[in-house]
Amino acid sequence: VAVVQVQRWPSYVTEADVDPEQQVPEEENPETPHTKEDQRQDEITLSAEEDGGGPQVNRLIPHTRTHTGEKPFACSDCGKRFSLKAHLKTHTRTHTGEKPFVCSVCGKAFYRNEDLTRHSRTHTGEKPFACSVCAKWFSTKVELKKHSRTHTGEKPFACSLCARTFSVKTSLTMHKSTHTGEKPFACSICAKGFSTKVVLRTHLRTHTGERPFACSLCEKVFSTNGHLKTHTRTHTGEKPFLIFYQLKHCQV
């Protein structure tokens with residue numbers, strides 16, 4: 001049986017097969033293949049059929065690594081290993097600083113093509129993913145998945161120290177810092193430390209004055225989404241905390 005090497009990606013592997021939330025945070029997962037160009041870099045073994053009928057792709061090789069844990073591609077800079085060459089190629093950009101995917105609107109650059117796609121929706125307002133329960137729309141599958149847990153009550157992220165559970169991984173990371181006291185993300189302006197990049201990013205707005213959350217009813221702007229939600233209640237008249245207090249303390 002003759003064996004040759006071709007540059008091709010198995011057709012059954014798609015972005016939907018990878019859950020970014022279970023790995024590295026949404027914008028920094030180096031193990032997800034991103035472009036057709038990257039995908040073609042992965043070597044798939046072809047074996048010639050004995051009857052001379054032509055090459056037959058052995059697509060099981062990349063798939064079996066999900067079971068065996070085999071990671072034959074190693075980073076020459078840090079030694080981290082990957083199951084596919086495309087994953088390694090994307091990872092090396094974290095060392096070189098290469099960001100080949102550039103937003104045509106604002107010029108922001110990204111390591112991965114799908115990061116650019118998600119970012120572009122902040123300009124277009126596109127929200128292609130709809131909740132099947134309440135019909136609310138989201139710009140990414142990850143955000144839809146997180147939202148769905150508000151309906152199901154699912155909390156898959158458990159603290160190993162106190163067994164408390166959370167619906168999103170970021171909340172678990174923030175919670176763990178209450179045990180460890182670790183705050184690895186420091187503000188470059190005032191040196192204050194934070195447990196996650198998300199909290200640091202929110203804090204930076206106190207320095208920059210950025211207010212990206214705008215009220216659709218009166219156009220007032222806010223630095224956090226939580227502040228916007230609180231403000232929106234001044235229009236809707238919603239008083240969720242009063243209802244909670246009445247249910248807890250008042251006899252019906």
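Which residue takes a positive phi just after α6? In this predicted model, the residue in question is Gly181, with a phi of about 75°. Before turning to that helix and its neighbours, it helps to look at the protein as a whole.

The average pLDDT of the protein is 76, and 71% of the residues reach a score of at least 70. Residues 1-57 are another matter, with pLDDT below 50, although this stretch has 130 contacts in the model beyond near neighbours in sequence. Where pLDDT is low, the predicted coordinates should not be read in detail. Nine helices and 15 strands make up the secondary structure of the protein. Of its 252 residues, 26% are buried. Among contacts with a separation of 6 or more, 34% link residues 24 or more positions apart. About 16,600 Å² of the protein is exposed, and carbon and sulfur atoms supply 54% of that area.

The UniProt record, an unreviewed entry, carries the annotation "domain: C2H2-type" for residues 73-100, 101-128, 129-156, 157-184, 185-212 and 213-240. Two of these annotated spans can be described side by side. For residues 129-156, the end C-alpha atoms lie 22 Å apart, and the span is 43% helix and 14% strand. For residues 185-212, the end C-alpha atoms also lie 22 Å apart, again with 43% helix and 14% strand.

Helix α6 covers residues 169-180. At 1.5 Å a residue, its 12 residues should span 16 Å, and the 17 Å between its end C-alpha atoms agrees with this. Leu172, His175 and Ser177 are buried in α6. The helix's buried residues pack against two strands, β10 (157-158) and β11 (165-166).

His179, also part of α6, deserves a closer look. At 38% relative accessibility, His179 counts as partly exposed, because that value falls between the 20% and 50% limits. The side chain of His179 makes a polar contact of 3.1 Å with the side chain of His175, which is one of the buried residues of the helix. Setting aside neighbours within four places in sequence, His179 is in contact with Cys159, Leu161 and Cys162. Cys159 is 20 residues away from His179 along the chain, and the C-alpha atoms of the two are separated by 9.9 Å.

The end of α6 can be followed residue by residue. Thr180 lies in the helix and is exposed, with a relative accessible area of 51%. A polar atom of the Thr180 side chain lies 3.1 Å from the backbone nitrogen of Glu182. Just after the helix comes Gly181, with its positive phi of about 75°.

Helix α7 (residues 197-208) invites the same kind of reading. Its 12 residues should span 16 Å at 1.5 Å a residue, and the end C-alpha atoms are indeed 16 Å apart. The buried residues here are Leu200, His203 and Arg205. They pack against β12 (185-186), β13 (193-194) and β14 (213-214). Just after α7, Gly209 has a positive phi of about 80°.

Helix α8 (residues 225-236) also has 12 residues, for which 1.5 Å a residue gives an expected span of 16 Å; the distance of 16 Å between its end C-alpha atoms agrees. Gly237, just after α8, takes a positive phi of about 80°.

Positive phi values are also found in residues other than glycine. Ala163 has a phi near 70° and sits in the loop between β10 and β11, the two strands against which the buried residues of α6 pack. Ala163 is exposed, with a relative accessible area of 57%. Glu219 likewise has a positive phi, near 70°, and its place is in the loop between β14 and β15 (221-222). At 67% relative accessibility, Glu219 counts as exposed, because the cut-off for that class is over 50%.

Technical notes:
Residues numbered from 1 in each chain as written. Heavy atoms only, no water. UniProt positions renumbered as here; feature names shortened; annotations may be inferred. Helix = DSSP H or I, 4+ residues; strand = E, 2+ residues; numbered from the N terminus. Buried < 20%, exposed > 50% of the residue type's maximum accessible area, 1.4 Å probe, protein only. Contact = heavy atoms within 4.5 Å. Polar contact = N/O pair within 3.5 Å; in protein donor to acceptor, adjacent residues only side chain to side chain. Expected span 1.5 Å × (residues − 1). pLDDT = per-residue confidence, 0-100. Areas by Shrake-Rupley, 256 points an atom, 1.4 Å probe, with all protein chains shown as cover.
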